[in-house]
Amino acid sequence: MRVRRHGVALVGLIVVVASAVLAVLAPAVAPDDPVRNDLLERLTPPMWIEGGSGRHPLGTDTLGRDVVSRLLYGARVSLVVGFSAVVLAGALGVLLGLVAGYYGGRLDDLLMRAGDVQLAFPALVLAIAVLAVVGSGLGNVVLVLGVTGWVTYARIARAETMSLRHREFVESARALGARDAAILWRHVLPNVVPPLVVVATFSVARTIIAEASLSFLGLGIPPPAPSWGAMLDEGRNYLTTGWWLALFPGLAILGVVLGINVVGDWLRDALDPRVERGI
Amino acid sequence: MRAFLLRRLVHAVFVVWGVVTVVFFLVRLTGDPAALLVDQTATREEIARTRTLLGLDRPLHVQYLDFLRDAPRGDFGLSLRERRPAMRMVLEHFWPATAQLAFAAIVLSTVLPIPLGVVAATRRDGLVDHASRLGSLFLQSMPSFWLGLMLILLFAVGLGGLLPAYGSGTLRHLILPAVTLAAAPLAQNVRLIRAGMLEVLQHDYVRTARAKGLGERRVVYGHALRNAAVPFLTVSGLSLGFMLSGTIVIETVFSWPGLGRLIVQAVPGRDFPVIQAAVFVFAVLFVAVNLVVDLLQGWLDPRARVFERSA
Amino acid sequence: MTSPSRALLSAVLLLLVSLPSTRASAQAPPSVDGVPIDPEAELVVALTDDTTNLDPRMGMGSIRSNYIRQVFESLVDVDRQGKPVPGLALSWKPVDDLTWEFALRKGVTFHDGEPFNADTVLFNLDRMFRKNLDKHGIKDVPAGTSFEKIYPFVSRWEKVDDSTVRIVTTEPAPTLWDFLGREPLVPRAWTIKHGVEALNEKPVGTGPWKLVEWKRKDHMRFERHDGYWGTAPLTKRLRLQVIPEAAARIAALRAGQVHLVEAVPPLDAEVLGRDASLRVVSSVQKLACRIYLNGRTKDKYESGGRDGVYLDPRVRLALNYAVNRDAIIKKIFHGLALPNASPIATVAYGYAAQAPYPYDPAQARALLAEAGWKPGPKGLVNAAGESLTLQLLLPAKHYGQAFDETVAAVVEMLKAVGVQVSVQTLDFGTLLQTLTRGTLPPNGGFAACRTSNNLDGDDFVRDWATTTLVNWTPYPPELLGLYQATRRQVDGKKRLAALADLQRQVRDWAPVVSLYQEKKAYAHSVRVLRFTPTQELNMDFRGVALRR
């Protein structure tokens, strides 16, 4: 049974790594230009359907752009947004959480109140409002998804820090005259990381889905750049006449996110079973 | 207990005030709604005149103070587009449409997982266990609107209109949107219950209860579930907030005439009063639910209440 | 049998024989073209969106018009061919060069019984021109069209008698009947009593339909106005149902949940056309979609000291030659659009067909070279070494997916002649804001569509005569003079000739890159009888029936 558990996680890992590799190699691997459009090739079906051609294995979209190429380049966007936003949120959250947990008092109060306000804010409304101000674009979407996600990391980091604050090794380090920053960096942070890695993994999955939702509402990476969410959005008016437009990006998201979730499950079992399960 | 409650209430009010203030200034940064209310052939003077008409040319702090004065009385101003009281509009859209949807989704995603999670945990590695884990994994890995579109394709288009693809009004209309909204939280909760039950079932007091000869069902539902429920409740409270956000997307896909659709139009339309009123309602609901969850947790697990949790 | 009793018997027999036939004729169902119809039915129509309010003053866009014009009417009505016919006014004529006289229809009442008369018209004119609002005791509203700015030459209006109104101008206004006559009219006493905001709740009008229920974002229910003066609707009730998702609209039509669907996407229109239980009809609209280019001089916008790159008409004309409209119309619209080189829509009054812009990239390059843009390493460059670039602002999802696809395709076509185009997607509100503030970059442009509430083509050519949001290529003095002459020409024939001349010159002057003119497709069940789409922004359900 354990072997099966590891087996499943391995498959997940392979899927994720393969996506990342394909994404990086997209310019070399993609059969066609994902952005240049050609009206004459519009809406050709996948090659196993009548009317399809080997030049476009998974068909073309409403502007004649090759679906396979757009999927490959879209992987870049989804993975970059997913990881970057989580890294940003994680860094911000850990920093704030460490500080709040270590120093406590007023600072802690303030930070936690801010976190509560942030959480009570309907996430999508915040995203819509901010993106309307700064405009959509890869950087801005990463910024919005990153800056709004710090709270969970902050809380975990804070909890861990608070419980570690009074432990012996920290006390002795302080007695020896070590500076706060050094203590946080050397002693506290390594303990904070394992539960965070688990949370972060699941966050990447959720962020990829969040980016797709933003694109669905018209706020994601603007055209003509391919992103899986935008492809889904373009395909939604062609569900019956061009079903391949919505199916393949959906399967791509499903595949990658599934892989990440499976890896995250495994990580959680391995690293820190104490973390609230199923986050 | 009373001090605890009071403290939590004050905290709740603060959070709502914080959210509403952030929104107030944030939306005013998104730009000028006056340009949207006039024709394409308008001139700058006409737009300036519209701004004056709507009271938008007053200094920001004056607008804010007026807002703080009027809001507690329920007066969030008139919608810039519909010229009707904004709070009334928000409540109209929330009740019954979004309330029905959210309620149905909450019921589905909290009630259904309990038997599923329990069975999965007690009959570990059985069919239900594997099926529910696989299903949960899948449901949590897809965007909700994609699930919605696929369901529309299957039930409304494919099976010849078995279920309606749009609109509200009857129970039949509620099924697809509620199921779509509930899918991811349901999946998450099944895994949570299962995991919590698994952990708890190993503990000493469970073995003690069994040794005492208590019926299996009492052991499982009486003791184990009660303790497994604690983390499940914590996450549920947060989930609800995300569910309210989720209605925005689901209502768009299913043409459900609720608060989500109103927001999706109000934000690009820069309808400040409506946005403020809607966010206020969301925040109040979120905070209220979390308060209830906290109290439930305290009742279920006395240990949880001892330390001040700012969660 | 005696004679009297025989007579009685015959009479009774006659009566008995005739009874069934009278019963039959009393029972004969109403029919249209020989097909029995259900006059008590509810006609259900699916629309793409709800309206936010019902006050005509707050704007008459395409979505709003569908709702507003069921309840309210204007002085001038339109027939299915797009010709003006008497509405609330029986006739209109110029009394002299500066005065128009409208003879109003008698005996018309609003849904609540209030009579429609000259006072109503004067009240509405006051609202439109923002005069005497205090005197009436009503508030001002943010207006879609501000009449006092656009038509400042309309100076006063007076009541001659209860059914006659005269409007006086300071200069000849040959199209006054159009720009004033198409505005829907609201009741005077009702609006004063309930306030202008009540117009957005449950207003009363003179139209064929009474508003019965409005569930926001969901549907609007109407009932036939039995006292209506014109062609009555043949169904008792009407429901305008909001279904934003195209797939859901079509699914609802197929499942029989709605009878008629508007805005059928072009590909679906083809597919639905093959379904024997449905009918697909289309009609040319006045919506003209274009790419507007920055051709303002540096003093007319926040330019940072630079003239708009597209000031030179030759450059703009060249870009028009670079667009392959046939491919767009065939491939993206499946025939549901048409090319139009004239600034005036083909179905507007005064339209004169112009030589179409050919798809000729070679000619485009030649023109660009003539204007000083020669091929460089990466695209076209001018003598100073600057590249020809275009920052195109696109309000995505505002005009529908076909529009977004068209712009994307056109961007490639422009790139093919050497223009380096970069697209910036933003939401419509932000675009309007950029235009209001005048912060379009010198090499900027935006994609937008223009439609008209009026019948006369003057509405279209007026765009470049005044400083408005969309005017980024103001008329040079010759064209401005020509335009103003058309405005003041009272002789019908001379005016048409002048308009034709103006259109020809505007075609060559090319203020915008014209993309296409819209043809709207509707799909309905075969049960719907006598539905004809109009060329106006609204659907007209008078005379439409549902088969039993």
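Here is a quick briefing on the predicted model above. The predictor scores the complex with an ipTM of 0.80 and a pTM of 0.85. Chain A comes out with helices and zero strands, whereas chain C carries 17 helices along with 23 strands. A nonpolar core of 319 residues includes members from chains A, B and C.

**Confidence**

- For chain C, pLDDT averages 90, and 95% of the residues get to 70 or more.
- Residues 20-25 of chain C are the stretch to watch, with pLDDT under 50 throughout. The model also gives this stretch zero contacts beyond four places in sequence.
- As a rule, predicted coordinates should not be read in detail where pLDDT is low.

**Chain A**

- You'll count 11 helices here and zero strands, so to speak a run of α after α when read along the sequence.
- The C-alpha trace covers about 75 × 50 × 30 Å along its principal axes.
- Chain A has 279 residues, and 54% of them count as buried.
- Take the contacts in chain A with a separation of 6 or more: 71% of them come from residues 24 or more positions apart.

**Chain C overall**

- With 548 residues, chain C has 50% that count as buried.
- Its C-alpha atoms fit a box of roughly 120 × 55 × 45 Å along the principal axes.
- For chain C, 69% of the contacts between residues at least 6 apart in sequence link residues at least 24 apart.

**A four-stranded sheet in chain C**

- One open sheet in chain C lines up its four strands as β6-β7-β9-β8, and the pairing is antiparallel.
- At the edges sit β6 (89-96) and β8 (154-161) of chain C, each of which pairs on one side only.
- On average, neighbouring strands in this sheet are turned by 20 degrees against each other, ignoring direction.
- Strands β8(C) and β9 (residues 164-169) of chain C run antiparallel and share six bridges. One place to look is Asp161(C), whose bridge partner in β9(C) is Thr164(C).
- Helix α3 (residues 118-128) of chain C lies across β7 (99-104), β8 and β9 of chain C. Relative to β8(C), this helix runs at about 165 degrees.

**The shared nonpolar core**

- Within the largest nonpolar core, the residues touching the most other members are Ala127(A), Val19(B), Val90(B), Ala278(B), Val279(B), Ala283(B) and Leu414(C).
- Helix α9 (residues 180-216) of chain A is the top contributor to this core, giving 17 residues.
- Ala283(B) is a handy one to click on: setting aside neighbours within four places in sequence, its contacts are Ala120(A), Val15(B), Val16(B), Val19(B) and Val20(B).
- In soluble globular proteins, nonpolar side chains tend to be buried together.

**Where chain C meets chain A**

- Chain C puts 22 residues into this contact, and chain A puts in 18 residues.
- On the chain C side, the elements giving two or more residues are α8 (246-254), α9 (266-273), α11 (325-332), α13 (401-416) and β19 (420-426).
- Helix α13(C) supplies the largest share of that side, at five residues.
- By type, the chain C residues that touch chain A split into 13 nonpolar, three polar and six charged.

Definitions and conventions. Residues numbered from 1 in each chain as written. Chains lettered and ligands numbered in written order. Predicted model: local features only at pLDDT ≥ 70, side-chain atom pairs only at ≥ 80, totals over all residues. Core = buried A, V, L, I, M, F, W, Y, C linked by C-beta atoms within 7 Å. Buried ≥ 20, exposed ≤ 12 C-beta atoms within 10 Å, placed from the backbone. Contact = placed C-beta atoms within 7 Å. Pairing = 2+ DSSP bridges. Axes fitted to C-alpha atoms, helices over the stretch in contact; angles between N-to-C directions. pLDDT = per-residue confidence, 0-100. Nonpolar A, V, L, I, M, F, W, Y, C, P; charged D, E, K, R; others polar.
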